[in-house]
Amino acid sequence: MFVQEEKIFAGKVLRLQVCTMEGAEWLEEVPEDTTVEKLKERCLKHCVPGSLEDPKTVTHHKLIHATSEKVLTDTKTVLEENIQDRDVLLLIKKRAPPPLPKMADVSAEEKRKQEQKAPDKDAILKATANLPSRNVDRTVAQHNMRDFQTELRKILVSLIEVAQKLLALNPDAVELFKKANAMLDEDEEDRVDEIALRQLTEMGFPESRAVKALRLNHMSVTQAMEWLIEHADDPAVDAPLPGQTPSEAAAEAGASSAEATAGPSSEAGGEEAKDELTEIFKKIRRKREFRPDPRAVIALMEMGFDEKEVVDALRVNNNQQNAACEWLLGDRKPSPEDLDKGIDTNSPLFQAILENPVVQLGLTNPKTLLAFEDMLENPLNSTQWMNDPETGPVMLQISRIFQTLNRT
């Protein structure tokens, strides 16, 4: 029986038209299981006889499918590259890679980079050795560029003393500070986010344990819930947080009850009113004592440090755990005692602050004193007081005066 030739080779042999950049064209017949590399060798034998003696010749050429503009992969077959019968392929020599630079060129390039490099300290001193010297004490100039956060604490210590003296002259000072003390009591009661606490208690967690979890996790409900689940079987889960011992809580309760029993007396003398005002100042300061970050306390104590020195370290370093760790491992300066030192009252900076009308008016406001006390022991609360309509303008003026004098 007669069978046409096309029927025998259907699906097995492909007729491909190959072209070169020089304009040569021919027809290659290859089985569909032929690799692209073999096809490339056949094409090179056709257009460049004897070129295969150099093994690099094959790798220096590539086949491109004209329709899709795709470079064919040497290891794949014609079928895998989805090449069809009568497709057109381009045989192109690859672009030669740039030659490696010679040693002389490398030296010239390095020399150019060195010329463009910024001068170091020795080069600057050498270049300016013959310039006339100026009478500038660089040490003093550098010392005057003080850090605002560092100086702010000293400023607050001194301003608190001034504010207490000014407010003591007010005949209604005792009543004003009793109201301020009551504000602090409300603030202490609202310290835990009620909505977050309710969410946790509705899940079935005990209220005291939920409060502890929220304080440990900065009022994040998700993190607090994870902490509660993780420590569900911990025998110390209900232990008070570091710095919040039952004795301190009892002392606060005693202070509050003593305050409640103490009533105003219009017939009391000036000395009695002064003594009562002093006691209120003490209560306010006790309520505004530094509160260390519980997580940082636990982490540092796990390193082997004593709780007291950990609290001191966090107080000195504004509750920053890493800085507190470095302080504990270093020379421990400044010391906690240094934090209670105020600024020189005769300094131009302090005098300029006291002469500012906004600051003068703010010092007669009990809320300003409360803000100073709070920022003194909890610097992270500064943003809250900066945004307060009563205390914000005072803090803004202090900052402006400091920046102005610091640039002079």
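## A guided tour from the H9–H10 packing outwards

Begin by selecting helices H9 and H10, which pack at an angle of about 130° with their axes 9 Å apart. Axes here are lines fitted to C-alpha atoms, for helices over the stretch in contact, and angles run from 0 to 180 degrees between N-to-C directions. H9 and H10 are therefore oblique to each other; angles under 35 degrees count as roughly parallel, over 145 as roughly antiparallel, 65 to 115 as roughly perpendicular and the rest as oblique. H9 passes H10 in a right-handed crossing, a crossing being left-handed if the near helix is turned anticlockwise from the far one by less than a right angle, and right-handed if clockwise.

The model is predicted: local features need pLDDT of at least 70 and side-chain atom pairs count only at pLDDT 80 or more, while totals for chains, interfaces and linings use all residues. Residues are numbered from 1 along each chain as its sequence is written, and side-chain values use heavy atoms, with hydrogens and water left out. Helices (H or I, at least four residues) and strands (E, at least two) are DSSP runs, numbered from the N terminus.

Now show the side chains at this packing. Ala196, Leu197, Leu200 and Thr201 in H9 meet Glu207, Ala210, Val211 and Leu214 in H10, where contact means heavy atoms within 4.5 Å. By class, the contact of H9 with H10 has six nonpolar, one polar and one charged residues. Ala, Val, Leu, Ile, Met, Phe, Trp, Tyr, Cys and Pro count as nonpolar, Asp, Glu, Lys and Arg as charged, and the others, Gly among them, as polar.

Next, select Asp193, in the loop between helix H8 (173–189) and helix H9 (194–202). Asp193 is partly exposed, with a relative accessible area of 35%; buried means under 20%, exposed over 50%, and partly exposed in between (1.4 Å probe, protein chains only). Leaving aside neighbours within four places in sequence, Asp193 is in contact with Leu214 and Met219. Draw a C-alpha to C-alpha distance from Asp193 to Ser220: these two are 27 residues apart in sequence and 9.4 Å apart in space.

### H14, H15 and H16

Move on to helix H14 (residues 294–301), whose buried residues are Pro294, Ala296, Val297 and Leu300. Seen down the axis of H14, they fall within an arc of 165°, so they line one face of the helix; the arc is that of the directions from the helix axis to the C-beta atoms. The buried residues of H14 pack against helix H10 (207–216), H15 and H16.

Add helix H15 (residues 307–316) and helix H16 (residues 321–329), which pack at an angle of about 120° with their axes 8 Å apart. H15 and H16 are therefore oblique to each other, and H15 passes H16 in a right-handed crossing. From H15, Glu309, Val310, Asp312, Ala313, Leu314 and Val316 meet Gln321, Ala324, Trp327 and Leu328 in H16. By class, this contact of H15 with H16 has seven nonpolar, one polar and two charged residues.

### H17

Select helix H17 (residues 348–355), in which Leu349, Phe350 and Ile353 are buried. Seen down the axis of H17, the buried residues fall within an arc of 95°, so they line one face of the helix. Rotate to the face turned away from the buried side of H17 to find the exposed residues Pro348 and Glu355.

### Strands and their loops

Turn to strand S1 (residues 13–20) and select Thr20. Thr20 is buried, with a relative accessible area of 13%. Not counting residues up to four places away in sequence, Thr20 touches Trp26, Cys47 and Leu91.

Then pick Asp33, in the loop between strand S2 (25–31) and helix H2 (36–47). Asp33 counts as exposed at 58% relative accessibility. Asp33 and Val13 are 20 residues apart in sequence and 8.9 Å apart in space, C-alpha to C-alpha.

Two further loop residues deserve a look at their backbone. Glu69 is found between strand S3 (61–65) and strand S4 (70–71), has phi near 60°, a positive value in a residue other than glycine, and counts as exposed at 67% relative accessibility. Asn82 lies in the loop between S4 and strand S5 (88–93); phi of Asn82 is also positive, near 60°, and Asn82 is exposed, with a relative accessible area of 55%.

### The whole chain

Finally, display the full chain, with 21 helices and five strands. Of the 408 residues, 33% count as buried. Among contacts between residues at least 6 apart in sequence, 60% join residues at least 24 apart.
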